[in-house]
Amino acid sequence: MTDTAVTPGSQSALRRANERRVVDVLRRQGTCTQAELARVTGLSAASVSNIVRGLRAAGTVSVRDTASNGRRARGVTLLRPPGTVLAIDFEVDRLGVGVGDSEGNLVAREQIDYDVAADPGRGVRRAAWLAETTLQGARIDAGTVSAVVASVPGPVDPATGEVGPISCLPRWAGFRPAEVLAERLGAPVRAENDANLAALAEQRLGAGAGAEHLIHLVIGEGVGAGIVLSGEPFPGAGGTAGEIGHIALDPRGPVCRCGNRGCLETFVGARYLLGMLPQDFGADRSGSGPRMSDVVAAARGGDPGSRRIVAEAGTALGQGVAIVANLFNPDRVTVGGPLAEAGELLLEPMRRSMELGSLGSALDRLSLSAGALGRDASLYGALWTAVRSAP
């Protein structure tokens, strides 16, 4: 018995076509032995065995010992539709990769510390290597990847996939990571803003579950917001919707990296807040300087200076969110990033500031809480978006 080529093209295309033939039989007929699959599909026994092995490694089918006509056989049962999606999470100092099944469930992941901001070309090459390594470690054929979504900490033009000039990755301005990744991975890739992806994940799986109109803040080096309206992300015409960090709060305030003065980011961004620390803060720590997680831990432990820093950040955030609440009237606002770990030490000053700056009707149905997914929010959002965009 010989295999029949169903679709022209590469070996990977032929493999995917033959895989679909096996899955279609299992979907129609239920559990089948490998011999029955070979007979119905016209594929060789060796090809069916290889296909089943790959589907089993991906969690698509289960295989158990059974009997057919008095002989030992292997029964194959379809568990879920086939297909693999990839999420690539670019952060300033970290790379993460998540492998998901056809429903967006995370089945494998890897992450490494890496200076993503230094060089976009090298960063993308490293991300492609990490994606391939993660697939190999999970024993998943790269040919089964149907869609890839890259999370980028900056505005991404929906039409071109180009990273905007004002981001936490200044050297990435004008770069199109999706194009380079697609060439290296051999699969369709789209790049999306990290805050938009995090907002989708929180709305589906996290603290924003059930909200129809959600604003999710991501506070780190900068301050971004993902906006979900009527259940769908709102990137704006050029991908810059949600750049809440550049709302001007004080025309005489510090000069922001965007060129304006007194932007919200200059009152809440990690660099600004860490610059407020006394020189002897964390003097007993060795190695690198203090991080926002250290400030939050000190605040939660009762350190008055750290509490003041967190509270003032909450007040500034509330001023910015008050403007957004008046504009979009969301029913949920969630806060992500290291600063959100401060909990009510951050959220209570935010609420007081929002009450002073928002219309009462804008706050009547609005709830404020910390996000539930932490640093993984963008990764989960990328998986879900990849599922939605898969052919």
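## Aromatic pairs

In this predicted model, in which local features need pLDDT of at least 70, side-chain atom pairs count only at pLDDT 80 or more, and totals for chains, interfaces and linings use all residues, a search of the whole structure finds four aromatic pairs (rings of Phe, Tyr and Trp, the last by its six-membered ring, with centres within 6.5 Å; planes under 30 degrees apart count as stacked, over 60 as edge-to-face and the rest as tilted). One of them joins F90 and W172, an edge-to-face pair at 5.1 Å centre to centre with 65° between the planes. Because F90 lies in strand β4 (residues 84-90) and W172 in the loop between β7 (145-152) and α5 (177-185), the pair ties together parts that are 82 residues apart in sequence; helices (H or I, at least four residues) and strands (E, at least two) are DSSP runs, numbered from the N terminus.

F90 is buried, with a relative accessible area of 1%, and W172 is buried as well, at 0%, where buried means under 20% relative accessible area, exposed over 50% and partly exposed in between (1.4 Å probe, protein chains only). W172 also forms an edge-to-face pair with F175, at 5.5 Å centre to centre and 85° between the planes, and both of these residues are buried. Ring pairs thus link F90, W172 and F175 into a cluster.

## Arginines over tryptophan rings

Two arginines lie over ring faces, a charge being counted as over a ring if NZ of Lys or CZ of Arg is within 6 Å of the ring centre and within 35 degrees of the ring normal. R126 lies over the face of W129, at 4.2 Å from the ring centre, and R204 lies over the face of W384, at 3.6 Å from the ring centre.

## Helix α6 and its cap

Helix α6 comprises the twelve residues 194-205, which at 1.5 Å a residue should span 16 Å, in agreement with the 16 Å between its end C-alpha atoms; the expected span is 1.5 Å times one less than the number of residues. Ten of the twelve residues are buried, so α6 is largely enclosed by the rest of the structure; among the buried residues are D194, L197, A198 and Q203. At the N-terminal end of α6, N193 acts as a cap, with a side-chain oxygen 3.0 Å from the backbone nitrogen of A195.

## S378 and S44

S378 is found in helix α13 (residues 377-389) and counts as buried at 9% relative accessibility. Not counting residues up to four places away in sequence, S378 touches D89, S151, D194, L197 and A198 (contact means heavy atoms within 4.5 Å). S378 and L197 are 181 residues apart in sequence, yet 5.0 Å apart in space, C-alpha to C-alpha, and a polar atom of the S378 side chain lies 3.0 Å from the backbone oxygen of D194.

S44, in the loop between α2 (34-41) and α3 (45-57), counts as buried at 16% relative accessibility. Its side chain makes a polar contact with the side chain of S47 at 3.0 Å; such a contact is a pair of N or O atoms within 3.5 Å, where within protein one must be able to donate a hydrogen and the other to accept it, and residues adjacent in sequence count only if both atoms are side-chain atoms.

## The chain as a whole

The secondary structure of the protein chain comes to 13 helices and 13 strands, and its C-alpha trace spans about 80 × 45 × 45 Å along its principal axes. Of its 391 residues, 48% count as buried. Residues are numbered from 1 along each chain as its sequence is written, and side-chain values use heavy atoms, with hydrogens and water left out.
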